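Colleague: I have a structure open and would like to learn how to read it. Could you walk me through some of its features?

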Amino acid sequence: MPVAVAPAVEAAPAEPAVATDARLAGDEERTRLIVDLSRRITLGAFTLANPYRVVVDLPDVVFALPSEAGREGRGLISAYRFGLFAPGKARLVIDVSSPVKIDKAFVLDPVDGQPARLVVDLTRTDRESFMKSVAAPVRRAEDPPGLRAGLAADGDTRPVIVIDPGHGGIDSGAVNTGAGINEKSVVLDIARALRDKLAATGRYRTVMTRDGDTFVPLGDRVRIARELQAKLFISLHADSLSRRGNDDVRGATVYTLSDKASDAEAQRLADDENRADLIAGLDLSEEPSDVAGILLDLAQRETKNFSAQFARTLGGAVAGAARMHKSPLKSAGFKVLKAPDVPSVLFELGYLSSKRDVDLMTSPEWRANVTSAMVTAIDAYFSAQVAKPAATPISIGSATAGTGGAGANGIQGSGVQAQPAAIRP
């Protein structure tokens, strides 16, 4: 087995362990990562290539490490990150500058007033030896709990809206260390507020891809929307620019899917967002080809048209509640928007690198105004589908797709028939 140590198998205790400090020691030949823990735990470790990484899987751990932990490397380790990878499962992902061997990976018992310590020793090796030891990790995390919870019983024809708070768990997204906030927390709070307002209207069924600080792979976010036959998918994010002199770049932007990015900034953002699975330590070497490749061009074009329609509606509604970017509507190849049969947008609420945007995004008043504007946009989008002619059903594999007739998803209590997409999975 290429796994350096046996994976954790013991049942998780009632209280998670707490990681309180971390440090690096060593040089370019041998480097050690040490993490102080509140108690002893079990672990499993393996390596990944392209780029070179070491992944350490742990049971439920609360990371109370200093904010700067993992940002600067030493020796063979260039950086490391940590967080929840799935419910009850944590992960450390160590970026290494060259091929390495996991020489040791273990946890010391607390002794003489010293805490328990997780120790990972890495030594330099050659690429050929490294590739022989690469392990295949878990292909994806467990499904977020309660995905279908709250969905109505049979006969409820209200449209399903999937709200996708970006990042989560081990993937913190953009970080503003000065303000002590990160993207995954900001967008989760706003997503919850939007969900509650949509639920209060009684017109929609809402599902969150995550409702806690848990990592969800990009493909699973798309899969959730498709399996629930969602009529709309909204992914929430908050960008950041690391270059100096960009403090004045701010405002919200709505993105749709495109094979070619609308500009260099859109391409940069898509590249960053598409790295989420890699950041969390997933092996992307055997990712299946894009599901859109098996669908008829007509079906995918129609979905893109609906996405563009909602993007314009959302941008117009939010403009009255929030500062918009100078180019508020953009497009790029975001993986999370690639459901070929679910109209999808990615909404960048603002920039964590802008102090003014941070002040707004953390303001209860701003959040209330923006989420209310989003509900207005969603209402307008579904109302605009009234009286649209039904599309000719399209057979895709064993499934038949169509807008449907009287049984299509209606907006309960509105007296209108909502048909936001012309195909179904």
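Colleague: Which residue is the bridge partner of Leu24 in E2?

Modeller: Leu24 has Leu33 as its bridge partner there. Strands are DSSP runs of E with at least two residues, helices are runs of H or I with at least four, and both are numbered from the N terminus. Two strands count as paired if DSSP finds at least two bridges between them. Here E1 and strand E2 (residues 30-37) are joined by seven bridges in the antiparallel sense, and a hairpin of three residues links E1 to E2.

Before we go on, please note that this is a predicted model: local features need pLDDT of at least 70, side-chain atom pairs count only at pLDDT 80 or more, and totals for chains, interfaces and linings use all residues. Residues are numbered from 1 along each chain as its sequence is written, and side-chain values use heavy atoms, with hydrogens and water left out.

Colleague: What is the order of the strands in the open sheet?

Modeller: The order of its five strands is E5-E1-E2-E9-E8, with mixed pairing. Strand E5 (61-63) and strand E8 (100-108) each have a single partner strand, so they stand at the edges with one side lacking a neighbour in the sheet. From one strand to the next, the twist averages 30°; axes are lines fitted to C-alpha atoms, for helices over the stretch in contact, and angles run from 0 to 180 degrees between N-to-C directions.

Colleague: How many bridges join each edge strand to its partner?

Modeller: At one edge, three bridges join strand E1 (residues 17-26) to E5, and these run parallel; Val18 has Val62 of E5 as its bridge partner. At the other, E8 and strand E9 (residues 116-124) run antiparallel and share eight bridges. Val100 is matched there with Arg124 in E9.

Colleague: How should I read backbone angles?

Modeller: Most residues other than glycine have a negative phi, and most peptide bonds are trans. Asp112, in the loop between E8 and E9, has a positive phi of about 50° although it is not a glycine. His167 also has a positive phi, near 65°, and is found in the loop between E10 and strand E11 (175-176). For the peptide bond, look at Asn50 and Pro51: their bond is cis, with omega about 5°. Pro51 lies in the loop between strand E3 (44-48) and strand E4 (53-59).

Colleague: Is Asp112 buried or exposed?

Modeller: Buried means under 20% relative accessible area, exposed means over 50%, and partly exposed lies in between (1.4 Å probe, protein chains only). Asp112 is exposed, at 74%, whereas His167 is buried, at 9%. Over the whole protein, buried residues make up 52% of the 425 residues.

Colleague: How do I read the surroundings of a buried residue?

Modeller: Look at its contacts, meaning heavy atoms within 4.5 Å. Take Ala90, in strand E7 (residues 89-96), which counts as buried at 0% relative accessibility. Leaving out residues up to four places away in sequence, Ala90 touches several others, including Val56, Leu58, Phe63 and Phe85. Ala90 and Phe215 are 125 residues apart in sequence, yet 9.7 Å apart in space, C-alpha to C-alpha.

Colleague: What about a whole helix?

Modeller: Helix H3 has eight of its ten residues buried, so it is largely enclosed by the rest of the structure. Among the buried residues are Leu218, Arg221 and Ile224. The buried residues of H3 pack against strand E10 (160-165), strand E13 (205-208), E14, helix H4 (264-273) and helix H5 (276-279). Just after H3, Gln229 takes a positive phi of about 50°.

Colleague: How many cavities of 30 Å³ or more does a search of the whole structure find?

Modeller: The search finds four. On a 1 Å grid over the protein atoms alone, a cavity is a set of points where a 1.4 Å probe fits but cannot get out, and lining residues have an atom within 4 Å of a point. Points are joined across faces, edges and corners, and a volume is the space filled by probe spheres set on them. The largest cavity has a volume of about 110 Å³. Its lining has 17 residues, of which Leu218, Arg221, His237, Glu273 and Ala276 lie nearest the centre. Helix H3 (218-227) and strand E14 (232-239) each supply at least two residues of that lining.

Technical notes
1 Å grid on protein atoms, 1.4 Å probe; cavity = no way out; pocket = protein on both sides within 12 Å on 5 of 7 lines; lining within 4 Å.
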